[in-house]
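Okay, thanks everyone, let me put this one up on the screen. I'll start with the core, then go to the helices, then zoom out.

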Amino acid sequence: DFTPPFTTYRNEKTRIINFKDFNYSCEFPVLLAAIEDNIDHIEKAFLEYNTKLNRDLIEKVFNQVPFLTNTPNEVRDLIANYPESVIYNKDNQ
């Protein structure tokens with residue numbers, strides 16, 4: 001089943017993500033979404049990944065989660081830039 005239900009801390013309404021609508025081919029871009037937002041059809045909220053969007057999302061989350069608020073900017077930057085360090089190896093598909 002590619003439709004797992006989920007809730008978030010700030011939105012306890014049960015929602016689903018319909019993963020069967022996504023293209024998992026390595027030819028397509030990586031996507032991200034702020035699932036905390038109050039969106040009924042979360043699939044429509046996914047955007048093409050880029051480092052700035054990732055950093056903005058990390059900043060938003062880390063500033064709202066009490067045990068993460070004191071995380072230094074250097075660590076936030078490392079986390080935000082981590083996906084850039086992952087190398088796609090087409091030969092290992």
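So, the largest nonpolar core has 7 residues in all: Phe 6, Ile 17, Phe 22, Ala 33, Ile 42, Ala 45 and Phe 46. Keep in mind that this is a predicted model. As a general point, nonpolar side chains tend to be buried together in soluble globular proteins.

Let's sit on one core member for a second. What does Ile 17 touch, once you drop residues up to four places away in sequence? From the core list, Ile 17 touches Phe 6, Phe 22, Ile 42 and Phe 46. Beyond those, Ile 17 also touches Phe 2, Thr 3, Pro 4 and Glu 43.

Next, have a look at Thr 8. You'll find Thr 8 in the loop between strand E1, residues 5-6, and strand E2, residues 15-16. Buried or exposed, then, for Thr 8? Thr 8 is buried, because its relative accessible area is 11%, and the cut-off for buried is under 20%.

Okay, over to the helices. As a reminder, two packed helices are described by the angle between their axes and the distance between the axes. Here H1 covers residues 51-64 and H2 covers residues 73-85. Their axes come within 9 Å, and they cross at roughly 140°. How do we label that? H1 and H2 are oblique to each other, because roughly antiparallel would need an angle over 145 degrees. As for the hand, the crossing of H1 past H2 is right-handed.

Who meets whom? On the H1 side we have Thr 51, Asn 54, Arg 55, Ile 58, Glu 59, Phe 62 and Asn 63. They meet Asn 73, Arg 76, Asp 77, Ile 79, Ala 80, Asn 81, Pro 83 and Glu 84 on the H2 side. Split by type, the residues of that contact come out as 5 nonpolar, 5 polar and 5 charged.

Two of the H1 residues I'd like to pick out. One is Arg 55, in helix H1, which counts as buried because its relative accessibility is 18%. Leaving aside neighbours within four places in sequence, Arg 55 is in contact with Asn 73, Arg 76, Asp 77 and Ala 80.

The other is Asn 54, also found in helix H1. Asn 54 is buried too, with a relative accessible area of 13%. Not counting residues up to four places away, Asn 54 touches Ile 79, Ala 80 and Pro 83, plus Leu 32 and Tyr 49. To tie this back to the start: C-alpha to C-alpha, Asn 54 is 19 Å from Thr 8, with their positions 46 residues apart in sequence. For Asn 54 and Pro 4, 50 residues apart along the chain, the C-alpha separation is 23 Å.

Right, zooming out. The chain has 2 helices and 4 strands, and reading along the sequence gives β-β-β-β-α-α. Along the principal axes, the C-alpha atoms fill a box of roughly 40 × 35 × 20 Å. Of the 93 residues, 25% are buried. And if you take contacts with a separation of 6 or more, 33% of them are between residues 24 or more positions apart.

That's my tour, happy to go back to any view.

Technical notes:
Residues numbered from 1 in each chain as written. Predicted model: local features only at pLDDT ≥ 70, side-chain atom pairs only at ≥ 80, totals over all residues. Heavy atoms only, no water. Axes fitted to C-alpha atoms, helices over the stretch in contact; angles between N-to-C directions. Parallel < 35°, antiparallel > 145°, perpendicular 65-115°, else oblique. Left-handed = near helix turned anticlockwise from the far one by under 90°. Contact = heavy atoms within 4.5 Å. Nonpolar A, V, L, I, M, F, W, Y, C, P; charged D, E, K, R; others polar. Core = buried A, V, L, I, M, F, W, Y, C linked by side-chain atoms within 4.5 Å. Buried < 20%, exposed > 50% of the residue type's maximum accessible area, 1.4 Å probe, protein only.
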